[in-house]
Amino acid sequence: MAKAKVAVLISGRGSNLQSLIEAAAKEDYPAEITLVVSNRPKAAGLKRAAAAGIRQEVIDHKDFTSREDFDTAVTQCLKMAEVDYVCLAGFMRILTPEFVTEWRGRLINIHPSLLPAFRGLHVHERMIDAGVKVAGCTVHFVSSEMDAGPIIGQSAIPVVPGETAETLAGRILEREHELYPACLRLVAENRARLSGGTVSYDADVETTGVVHAPAP
Ligand code: GRF
């Protein structure tokens with residue numbers, strides 16, 4: 001079967017991009033990363049794309065007078081590249097409802113908390129301040145609300161004694177790098193898909209150590 005074409009949208013470091021690139025390099029992976037788009041010309045993740053020989057586009061939000069115009073330019077770029085799915089990976093822009101509607105069911109995000117808890121920014125500090133005992137990360141289909149939308153997979157870790165925002169961020173990031181490729185695999189194989197306001201899974205999708213999906 002032909003591999004699904006995936007664009008990854010980044011703004012910075014690109015470690016999740018790297019995990020997707022590495023997963024997609026495997027022969028049996030159902031998706032290929034064909035395009036990386038950054039809204040920041042200096043995003044470190046662009047170098048990762050270059051090293052992997054993946055086409056990169058910089059669409060600098062500062063060149064646009066409105067959010068709508070920026071999003072339209074991104075959509076045009078994605079359509080020209082004929083991508084099937086769009087993965088947000090540390091993409092620090094709020095998307096317009098039009099963009100979210102255009103890519104509905106094909107637009108995925110990763111967030112470093114167990115959603116719906118701790119949406120937004122400074123997540124690790126806020127979790128430490130709140131004294132949570134369990135943390136983790138979530139991959140979800142994007143809806144028009146920030147860090148919300150039907151959950152595809154989650155991975156949980158305990159918060160350990162002496163934990164700081166930095167140590168927690170590092171340990172969650174390790175899980176992110178497993179969870180995102182695992183969830184993209186399910187979506188690209190159409191074994192997990194948006195169905196109304198939730199995600200439906202093929203009956204053979206089982207809960208694993210990485211993707212905690214509903215039992216069939
Ligand atoms: C990750 O923690 C991701 O969950 C969040 O932004 C961060 C991006 O990191 N949305 P990286 O650029 O993938 O290294």
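**Two domains and a ligand**

Biologist: Where is the place of P116?

Modeller: In this predicted model, two elements flank P116, namely β5 (107-111) and α5 (123-130). The place of P116 is in the loop between β5 and α5.

Biologist: What kind of peptide bond joins L115 and P116?

Modeller: The omega angle describes this bond, and for L115 and P116 omega is about 10 degrees. The peptide bond that joins L115 and P116 is cis.

Biologist: Which domains does the domain assignment of the chain give, and how many residues does the contact take from each?

Modeller: The assignment gives domain 1 (1-103) and domain 2 (109-216). The contact takes residues from both, 19 from domain 1 and 17 from domain 2.

Biologist: How far apart do the C-alpha centres of the domains lie, and what area do domain 1 and domain 2 bury between them?

Modeller: The C-alpha centres of domain 1 and domain 2 lie 20 Å apart. Of the area buried between the two domains, 69% is on carbon and sulfur atoms. The buried area itself is about 1600 Å².

Biologist: Which residues form the salt bridge counted between domain 1 and domain 2?

Modeller: The count between the two domains is 1 salt bridge. In the pair, the closest N and O atoms are 3.6 Å apart, which is within the 4 Å cut-off for a salt bridge. The partners are D28 and R185.

Biologist: Which element gives the largest share of the side of domain 1 that touches domain 2?

Modeller: Across the interface there are 6 residue pairs in polar contact. On the side of domain 1, the elements giving two or more residues are β1 (4-10), α1 (15-24) and β4 (85-88). The largest share is 5 residues, and it comes from α1.

Biologist: How many residues of each class does that side of domain 1 have?

Modeller: Sorting the side of domain 1 that touches domain 2 by class gives nonpolar, polar and charged residues. The counts are, in that order, 14, 3 and 2.

Biologist: Which residue around the ligand has a backbone N or O atom 2.9 Å from a nitrogen atom of the ligand?

Modeller: The residues around the ligand are R13, G14, S15, N16, G90, I110, H111, P112 and E176. A polar side-chain atom of R13 lies 2.5 Å from a ligand oxygen atom, and one of E176 lies 2.6 Å from an oxygen atom of the ligand. The backbone atom 2.9 Å from a ligand nitrogen atom belongs to I110.

Biologist: What is the phi of E82?

Modeller: E82 is in the loop between α3 (67-80) and β4. Although E82 is not a glycine, its phi is positive, at about 55 degrees.

Definitions and conventions. Residues numbered from 1 in each chain as written. Predicted model: local features only at pLDDT ≥ 70, side-chain atom pairs only at ≥ 80, totals over all residues. Heavy atoms only, no water. Domains from an automatic or database assignment. Contact = heavy atoms within 4.5 Å. Buried area = accessible area lost by both parts, 1.4 Å probe. Salt bridge = Lys/Arg side-chain N within 4 Å of Asp/Glu carboxyl O. Polar contact = N/O pair within 3.5 Å; in protein donor to acceptor, adjacent residues only side chain to side chain. Helix = DSSP H or I, 4+ residues; strand = E, 2+ residues; numbered from the N terminus. Nonpolar A, V, L, I, M, F, W, Y, C, P; charged D, E, K, R; others polar. Near = heavy atom within 4 Å.
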